[in-house]
Amino acid sequence: MPPRTALDQDAAPGPPAEAVAPLMRGIAVLRRLTLAGGTLSPSELERATGLARSTVDRITATLARMGYVRHDARDVVLTPRVMELGNAYLAALRLPALLDARADALADELDESVSLAVADLDGVRFIHQATRRRAMSVSFRIGDLLPAERTAPGALFAAEWDQMDWARWHSRLSGAPADAPFPALPPQPSSPSAHLPDFETRAAQARRDGWAVDDQLIEPGLVAVSVPVRDPATGRVACVASVVSHTSRHTAADLRTTLLPRLRTAVAAMETDLRQAPPPEPGPAPSGLAAWTTASKHELGREFIESLARGLTVLTAFGQGRSALPLTEVARATGLARATARRALITYEHLGLVTTGPDPRTFTLTPRVLDLGFPPLSRTTLPRLAAPHLRALADRLHEPTALAVLAPGAGTEIQYTAGADASRVLTVDIAVGARLPAAGTSLGRVLLADAEGPLPSALAEIRAQGYALADEELESGLRSIAVPVRDRSGRAVAAVNVATHAARRTLQNCVTDLLPALRSTADHIQADLHTASRFTHVPPS
């Protein structure tokens, strides 16, 4: 059998007899949704996967039950919760948690984009991106896969390849349509490999120099310089740090003379961090998953594919301090029978999502897990996360809802960042982007109540009760109630409210009738925010 390459995004020929077919089909659906940017109709999924429509419907119903997709009119849409699969890999890898602060600081120092990437067979996959907010900026996302020969990190990884690795690479180049397995690449007018400098020569040069340059290999104008970050235990490349720019700011020669020394200094600090890092404290393992899948099967019947749901829970058994697990630990963490966990791991090994570790009795996740929904969601914002929840709340209460943040500056104004209207003749109409005095709105008050230090008595009461009311202060007849949305540290980064007319609800009605649903919505938004922001930056607006 030829060596496995980055082309093998779907199941290789001849799955093992013990592979779980519904799990393989579910993974195919998640991958197709990812390739499409996160949204496809069931009919499009049917055509893309070759599955029967009834099978697609059952798979998406199961994924929706797990919170990994939602149905939006006629479309199936990936949700932030699916990022927990990629989070499991990134937590187990540990490199983002240890090195992302150094990468972010270097990006701030240089005012250039900085990335961290790992090898994925004969490809390169990003695990961290610190980008610049400017009109011309790098658009690669965490989880994006690039061919090794089109990147500077690829030459550094290839500097350590053995004969089998080179055979894998040659196999892909000889048998693949141009750039077929790399959707993150910009379109090429002709076969790009025909115009590339000899990759084997570049890899040998990178081995001698200890760094590599991308001089417009990906697309005209894009340049990068890369340095390997070495594993202190093995001396091999653990990941590669890169500074990425464009030719209007730096030439390739300029990168070598101006940015490379500072990149090397940052990498030396990263390697020190790796050497001095204490052993990871195992994070909490998932619990009750097997019981949950059984209960879901009883409730939904044949529309819920239990073997798919159980198989996906196996990926979440891995994480911080649980990077390499034997079969017994996977079964214990998920509550699955040992035979069930074993068949899921066999399936994932066939799909390239897990591999055996240095100890052949243990399994580890591969970077390919990031193919399962992570890239299209890694650039999300808080308003995008909140939008479907605001819509659901407005439909449930038949009242308009909104999300707001404290506006930059003195913190005396709020800015509306998302909202959902209600089908009423008399309703609230405040446009996204509008600013209002924070002290005169329920949204602003609940955010002001999160300030550090002593508070005025009115704000202290709001902080204690966890919500704020506004009664006709902004406009006659307008009442609203708001609660905070908190980030992973517990800080209120936004607020969500429900507005109504005074003739429809008393203040007490706002508390008894609206507050429970409002708090539930804030909890859902927070859960999505906490999942999405574990390894990515989620802008509040």
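Q: Why is aspartate 487 called buried in this predicted model?
A: Aspartate 487 has a relative accessible area of 16%. Buried means under 20%, exposed over 50% and partly exposed in between, with a 1.4 Å probe and protein chains only, so aspartate 487 counts as buried. The model is predicted: local features need pLDDT of at least 70, side-chain atom pairs count only at pLDDT 80 or more, and totals for chains, interfaces and linings use all residues. Residues are numbered from 1 along each chain as its sequence is written, and side-chain values use heavy atoms, with hydrogens and water left out.

Q: What makes the pair aspartate 487 and serine 489 a polar contact?
A: Their side chains are joined at 2.7 Å. A polar contact is a pair of N or O atoms within 3.5 Å; within protein, one must be able to donate a hydrogen and the other to accept it, and residues adjacent in sequence count only if both atoms are side-chain atoms. The pair is therefore a polar contact.

Q: Which residues is aspartate 487 in contact with, leaving aside its neighbours within four places in sequence?
A: They are Val493, Leu529 and His530, where contact means heavy atoms within 4.5 Å.

Q: What makes the lining of the second largest pocket 19 nonpolar, 17 polar and nine charged residues?
A: Ala, Val, Leu, Ile, Met, Phe, Trp, Tyr, Cys and Pro count as nonpolar, Asp, Glu, Lys and Arg as charged, and the others, Gly among them, as polar. The residues of this lining therefore divide into 19, 17 and nine, for nonpolar, polar and charged respectively. By the classes, the lining of the largest pocket has 22 nonpolar, nine polar and twelve charged residues.
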